[in-house]
Amino acid sequence: MFFNNLPGDLLTDKILSENITNNKTCLVYQPFLGDVEDMEGLDIKSEKFEITDNEALILNGNVVIDFPDGILEAGKARVDRKNGTVEFRKKGDLFLKDYFFRASSGSFNKDKLSIALEDGETFLNNRGLIINFDSLKGNIDENITFNQVSMTSCSDKSNGWELIAESIVLNDQTMRGYAKKVKIKAFDRTVLRLPYIPFATSQDRMSGFLEPQLSFSSDGLDFMIPYYQVTSNKSDMTIALRNISDRGAGVEGNFRNIHGESNNLRNLDFFYFNKDKEYQNNYPNESSSRWAFGIKDTYGKKENFWIDIDWSKTSDSQVL
């Protein structure tokens, strides 16, 4: 993944920090979730407050609400203790274990875990993804629907990848999500449009689209969109559409399978480009389709007798 210019606000505010020890994500979210553990309890701080006739609290100025497993910070808030709902304005930050939410206004129910926000962003800790949205609504433990969405990793949008969608739905129970009316951009240029795209919201072994991968070389922008499929409890495969600016479009894939009593690993890699524009210009009399595949496998038990296979074949000597 090509990373550049991490999101300044979330880093400057020390909500996120750079990760230099793990390549799964370049951001770390380790929130302080307060001291309140009693499910009926709240610890409330505010510069000013008043109590309404229906016993709701109106809070103004540096509002901090500590509730079990979370904290809400806002400029102004209204707390209805009877039903557990907090409404806020003047920007609010909601810290939960696996989510961070920031919005200009919204409401949150600490008992039912229902949420509704306007004009904000969220960080998905399980996948290291940042989502900007016009509005969202749903339940933290069930479904959350985002409307008018921009999603990326820790890359700066103008120097990385960005997924723009009409809506995104995340399901916390299945740890899956899907986006509708999708446009994928790389370096501020649209490279793909799709009506629908499913993806996993967890680092666990689950089928779904993975984050796009970007790199630069002498051949220009190299952009790849991988899809990961779990085929059994001992096998999986990854298929990726790939485009290299000066060469063209192609496909590559990988198949893995654990087999035998010793859990030997079988690994098959391949890629295929139907037409390599650069190769065709340099060698007009040769086929411009280029491909390569390789197989690695082991049979037997290493303490007794085994066979190692490491074999590959390519369309030409320069393809790699």
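These notebook entries record what I looked up on salt bridges and one pocket in a predicted model.

**Entry 1. Salt bridges overall**

I began with the charged side chains. Side chains of opposite charge can pair when their charged atoms come close. I searched the whole structure for such pairs and found 13 salt bridges.

**Entry 2. R102 and D93**

I looked up the pair R102 and D93, which form a salt bridge with their closest N and O atoms 2.8 Å apart. I then checked burial and noted that both R102 and D93 are buried.

**Entry 3. D236 and R256**

I turned next to D236, which forms a salt bridge with R256; the closest N and O atoms lie 2.8 Å apart. D236 belongs to strand β18 (residues 235-244) and R256 to strand β19 (residues 248-259), so this pair ties together parts that are 20 residues apart in sequence. I asked myself whether D236 is buried or exposed. Its relative accessible area is 4%, and because buried means under 20%, I recorded D236 as buried. R256 has a relative accessibility of 36%, so I recorded R256 as partly exposed.

**Entry 4. R247 and D276**

I then examined R247, which forms a salt bridge with D276, the closest N and O atoms being 2.9 Å apart. Which parts of the chain does this pair tie together? R247 sits in the loop between β18 and β19, while D276 sits in the loop between β20 (264-273) and α2 (277-282), so the pair links parts that are 29 residues apart in sequence. R247 has 18% relative accessibility and counts as buried. D276, at 4% relative accessibility, counts as buried as well. I followed the shared partners further and found that salt bridges join D219, R247, D276, R290 and D316 into one network.

**Entry 5. The second largest pocket**

I finally looked up the second largest pocket, whose volume is about 460 Å³. I counted 26 residues lining this pocket, and those closest to its centre are R242, F271, A292, V319 and L320.

I asked which strand supplies the largest share of the lining. I found that β21 does so, with six residues. At least two lining residues each come from β18, β20, β21 (290-301) and β22 (305-314).

I closed by sorting the lining of the second largest pocket by class: I noted ten nonpolar, five polar and eleven charged residues.

Definitions and conventions:
Residues numbered from 1 in each chain as written. Predicted model: local features only at pLDDT ≥ 70, side-chain atom pairs only at ≥ 80, totals over all residues. Heavy atoms only, no water. Salt bridge = Lys/Arg side-chain N within 4 Å of Asp/Glu carboxyl O. Buried < 20%, exposed > 50% of the residue type's maximum accessible area, 1.4 Å probe, protein only. Helix = DSSP H or I, 4+ residues; strand = E, 2+ residues; numbered from the N terminus. 1 Å grid on protein atoms, 1.4 Å probe; cavity = no way out; pocket = protein on both sides within 12 Å on 5 of 7 lines; lining within 4 Å. Points joined across faces, edges and corners; volume = space filled by probe spheres on them. Nonpolar A, V, L, I, M, F, W, Y, C, P; charged D, E, K, R; others polar.
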